[in-house]
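Me: Can you walk me through this structure, one small puzzle at a time? I'm new to this, so keep it relaxed.

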Amino acid sequence: MSRLADRVAVVTGAGSGIGLAAARRLTRDGARVVCVDIDADTAGKAAEEVGGLAVQADVTVPDDVARIYATADERFGRIDIALHNAGISPPEDDSILSTGPDAWHRVQQVNLTSVYLCCQAVMPYMRRAGRGSIINVASFVAVMGSATSQISYTASKGGVLAMSRELGVQFAREGIRVNALCPGPVNTPLLRELFASDPERAQRRLVHVPMGRFAEASEIAAAIAFLASDDASFVTASTFLVDGGISAAYTTPL
């Protein structure tokens, strides 16, 4: 496929999980990919695999974020696609009854503030070009509640969803599309860690997915490739759910 031929994509959190799968898929569809990760080794390995450019950066640090997009523009002369995927879900983020301020602020910084910083930094490059696709990774938890809460994670993803909607509306007439991708539970290292540490809690999640399984990262990457492409030219400010039906289910099949 070549629907993204000659496009330049910046992917944060590209070292593993959804980010790595997205880097692979965007490359397969013809894009040149800038692989951003807080870990220089994983950024380098991802970039080597896809033939892209590695950038080590902490997306919670404004100067680092500015450097990401300046580097991409300097190397390739354009930025067409920005996938803001970096995120955390630490075990200390739990019920509101037990989650302390430090855990709350850490998750908000990585999951929400980083998206604000990245959108702010990439927007001038896309405005200069008069086009672009920004894909901010939110979550199905942004649109529904859970009795097994990760309170800061849920709140951060709700913030990503609301911010993406507003940016999508604000910049629509400048040719810049902004969408919030809302995956359901995905078979990533984060989820496998949850299975290992608390199988009962993980099983309580799985039983609510109508398709009876978690998504593979490659399936989420396929949705990202769609939103990045001209096939999604009339899609902006959307809550783009790729969740196996979980957000629509009242009861699930036996």
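**Starting with one buried glutamine**

Reply: Sure, and keep in mind that this is a predicted model. Let's start with Q108, which is buried, with a relative accessible area of 12%. Its place is in helix α4.

Me: Okay, which residues does Q108 touch, not counting residues up to four places away in sequence?

Reply: Q108 is a buried residue, and it sits in helix α4. With the residues up to four places away left out, the ones Q108 touches are T113, S152, A155 and S156.

Me: Is F76 buried or exposed?

Reply: F76 lies in helix α3. The cut-off for buried is under 20% relative accessible area. F76 comes in at 19%, so it counts as buried.

Me: And which residues is F76 in contact with, leaving aside its neighbours within four places in sequence?

Reply: Sequence distance can mislead you here: F76 and R7 are 69 residues apart along the chain, but their C-alpha atoms are separated by 9.4 Å. Once the neighbours within four places are set aside, the contacts of F76 are V8, R32, V34 and L53.

Me: Which element gives the most to the largest nonpolar core?

Reply: In soluble globular proteins, nonpolar side chains tend to be buried together. Here the largest nonpolar core has 36 residues, and V10, V34, I68, Y69, I79 and I134 have the most contacts inside it. Several elements supply at least two residues each, including β1, β2, α3 and α5. The biggest contribution, nine residues, is from α4.

Me: I68 is on that list, so what is it in contact with, leaving aside neighbours within four places?

Reply: I68 is among the residues with the most contacts inside the largest core. Skipping its neighbours within four places in sequence, I68 is in contact with V10, V36, V55, A57 and V59.

Me: How many cavities of 30 Å³ or more are there, and how many charged residues are in the lining of the largest cavity?

Reply: Rolling a probe the size of a water molecule over the atoms shows where empty space is left. The search of the whole structure turns up one cavity of 30 Å³ or more, and about 30 Å³ of space lies in the largest cavity. Its lining is T12, V59, H84, N85, A86, S114, V115 and C118. By class that makes four nonpolar, four polar and no charged residues.

Me: Last one: where on helix α7 do its buried residues fall?

Reply: The buried residues of α7 are R201, A202, R205 and L206. Looking down the axis of α7, they fall within an arc of 140 degrees, so they line one face of the helix.

Key
Residues numbered from 1 in each chain as written. Predicted model: local features only at pLDDT ≥ 70, side-chain atom pairs only at ≥ 80, totals over all residues. Heavy atoms only, no water. Buried < 20%, exposed > 50% of the residue type's maximum accessible area, 1.4 Å probe, protein only. Helix = DSSP H or I, 4+ residues; strand = E, 2+ residues; numbered from the N terminus. Arc of directions from axis to C-beta. 1 Å grid on protein atoms, 1.4 Å probe; cavity = no way out; pocket = protein on both sides within 12 Å on 5 of 7 lines; lining within 4 Å. Points joined across faces, edges and corners; volume = space filled by probe spheres on them. Nonpolar A, V, L, I, M, F, W, Y, C, P; charged D, E, K, R; others polar. Contact = heavy atoms within 4.5 Å. Core = buried A, V, L, I, M, F, W, Y, C linked by side-chain atoms within 4.5 Å.
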